[in-house]
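Hi everyone, thanks for coming. Let me put today's model up on the screen, and then we can walk through one interface together.

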Amino acid sequence: MSYQKITLKEGIYFHKIQTNKFKTNLFAIFLTIPLTRENVTKNALLAAVLRRGTNKMLTQEDISKQLEEMYGAAFDCGIDKIGDNQSLKFYLEVVNNQFLPEKEDLVQKSLTLLTDIVFHPLVEKEQFKEEYVQGEKENLKQIIEGKVDNKATYALESCIESMYKEKPYGLYKYGYIEDLKDITAQNLYAYYQELIQNCQIDIFASGDFGEEKLEQIVEKAFATYTERKPNLALEEETKEEIKEPRKKMESKQISQGKLVIGLDVKTDKEEENYKTVVYNTILGGGSNSKLFQNVREKASLAYTASSSYARRKQNIFIRAGIEIENYDKAVEIIEKQLQDMKEGNFSEEDLSNAKNLLLSTIENIPEEQDTEITYYFGQELAGTEDTIEMYQEKIKNVTKEDVIDVANKIQINTIYFLTNQGGKE
Amino acid sequence: MKVVESLKIKEKVYIEKLNNGLTVMIIPKETTNKKFVIWGTHFGSIDNHFIVPSTNKEITLPDGVAHFLEHKMFEQENGVNSLDKLMALGVDPNAYTTNNHTAYYFECTTHFEEALDELMDYVQHPYFTDENVEKEKGIIGQEIKMYEDDPSWQLYINALDCMYQNNPIKIDIAGTVESISKINKEVLYKSYETFYHPSNMAMVICGNFKPEEILEEIKKRLVQRKEQGEIKRIYPQEEPKIHQKNKETSMEVSVPLFAIGFKDRIEQKDMVKRHIAVEILLNMLIGKSSKLYQELYNAGLLMAEPDISYDFSEQYAYVLITGQSKNPKQIEEKLKEEIKKQKENFDVEQFERLKRKVYGDYVVEYNNISDISRMFLSDFFKGINSLEYIEQYTSVSTEYAKQILTEVFDENNEILSTVLPKG
């Protein structure tokens, strides 16, 4: 495996991952801009409109047929919230030429198709095709309304929203229904032109490329693009001291309650991230974690109990699905775990278990093409250049004292509960 | 060892049936650091009525035993939970139960030998007590509730209920809170003794291994078991016709969910070929480039491609098309029309194109050792070697596809399950 980053122009980067582990090649283009209330809905809509047609393939049907001809190449696009930035993501996965039943070249075809979708959309009279924009507005509306369908993710979203009221990170990545009415085929196209002038562009290629001249193809594709300064948001906010955690309850028709506890990590040092990663794994990383052991196994209170670390925002989110009447008991047990962590009530074994789990997760990054791309994109946005080995080394070096140190910088920000009884703030 | 090879995709599987009856399949992968082992038994939620070979006695299990047993296998007599022990090694272990099999697996990059020790130890050494069985009822009860709240699970169970009258496939894999209350350690031991016999099990290993060496490692770790005759499984009589045409329920969803099913008859041979043909046909009927999908998408009736699948074993076979739509009824009507059109005027160009797509889909399965291993295990319990999909793909002709279209997509065997928004 080898990773190479080539700066095509300032703000436009080509990342090449040469690997022979897969039957497929994966190509990706990410457009990244700061997340704002003003643009969040437009971005979500834009990703959907772009996939509808290019200047050569006018309809989705044409694009799909082309993908099917290419032995079922898979195109996917989506929208992601990464800290206070938002990325429009476009992927194309295609079988590597070596494994086709007949000789064909799908590499050039794939890159052409993907860049056409993102940079050469179907435009009629200086605007997107009306029908596509209207159709996608309707779809997006349904996606936004569907937020409530998955209760577990809904609960997490709601907790984040209440912790980041009026702030970029509190925004829903798919945007807001009330914004849709003002978006037209014309102003969306104007917005798109502005976006591709200013956004950061990252192009990824992962696969076994041999002698293929990918760089030339990519350089040619971006020859007419100008350099840019995307002004992406950096995460430097300081956490306020919280005396009494905020409590929020919401009611829906459910039989299992969803508990989400949002924690603040009061640190601004980059190197402390690794300590927090270890802390989080001991707390709620897997079936050995304190949460799993104490909430599920010992108290038999839940089927799921875990925590995840959002490092860009320095938050940890604890999540558990529990019997509604067990709310107080579950909160009490979880608080006890946090206190235990502060007092160092965990063993060297807990620490080494957590590290083993993390090391093997990191080791597995190159075993999945999209995971590896996501890793290097994360490095790109954080402005770091850690190799997989460096990352592992930093995890290995975390000590018990480091974890206790982090534990004492952690406070409960919000306790959110999705219940079926009358909600209250 | 028997070797089956696919030159097209450059993969090989080594197969050995050991003296004790266990089938071992090894798929070497030189380019990965990961190692994957999965060990499964041909025992799933539908195997709830059988004759115990050792006693010749007929027995009926409460619903949910296979899944309950899966949960309980990790607990060891010395108080160790094997799941924890494997996690502590940095190994990623898990287990699952389906309609027709249960499987235990782990994936790792390091500590392979210790992990293999642990897996083979816990699967061969059950330890059930009244206390640990009782405790599990709380956890599984929560899992059942989680599924009760899951609209797509309810949609699926209702679709099965439409298609099947008596077949135990329609029973929830985890059982119900009521049925699991009847499970005790005796029930678990009896099921274990019967179904966790090597002759009823198979193992798949994928990673950078030398087949002969790893086979020896497996043999070394096997516990001696007495020979066991065939397990006679008893399934209720199932009419070929569907149970009911429609079933709907209301839950908290924003847009209705729908599942359109076609109950298929159970064929004893050529299932791979049939499966490939059904997948191509489903893509032709409602796949991304189909006229129908485009029409429904443009009309705002579908937001995304529906999920399409063909699921089968020796006891059942059905097609399922699931998705979300404002108007499920209309999707059903339009689909029926499209089937009729294709029957009258089969689109050969579309068929050839989607045949290529389906080939690509099969190749992609070989990207990931976990997908590979699970696929080989699950196909094995259907009497299939997964590589057959790559090899038989060329044999699916237009004529054959037309024949399958008529056989499988029969309006009389069609059902609709819906989950509608509440209120």
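**Where two domains meet**

Let's start with one pair: the side chains of A:K313 and A:D84 form a salt bridge, at 3.0 Å from N to O; by that I mean a Lys or Arg side-chain nitrogen within 4 Å of an Asp or Glu carboxyl oxygen. Before going on, a word on the ground rules: this is a predicted model, local features need pLDDT of at least 70, side-chain atom pairs count only at pLDDT 80 or more, and totals for chains, interfaces and linings use all residues. Residues are numbered from 1 along each chain as its sequence is written, chains are lettered from A and ligands numbered from 1 in the order written, and side-chain values use heavy atoms, leaving out hydrogens and water.

Chain A splits into domain 1 (2–221) and domain 2 (246–419), with bounds from an automatic or database domain assignment. Their centres, over C-alpha atoms, are 30 Å apart. Domain 1 of chain A brings 37 residues to the contact and domain 2 of chain A brings 31, contact being heavy atoms within 4.5 Å.

How much area is buried between them? About 3,000 Å², with 68% from carbon and sulfur atoms; that is accessible area (1.4 Å probe) lost on putting the two parts together, summed over both. On the domain 1 side, A:K151, A:L156 and A:M163 supply 18% of the area buried against domain 2 of chain A, more than any other three residues.

And salt bridges? Across this interface, the rule finds three. Thanks, everyone!
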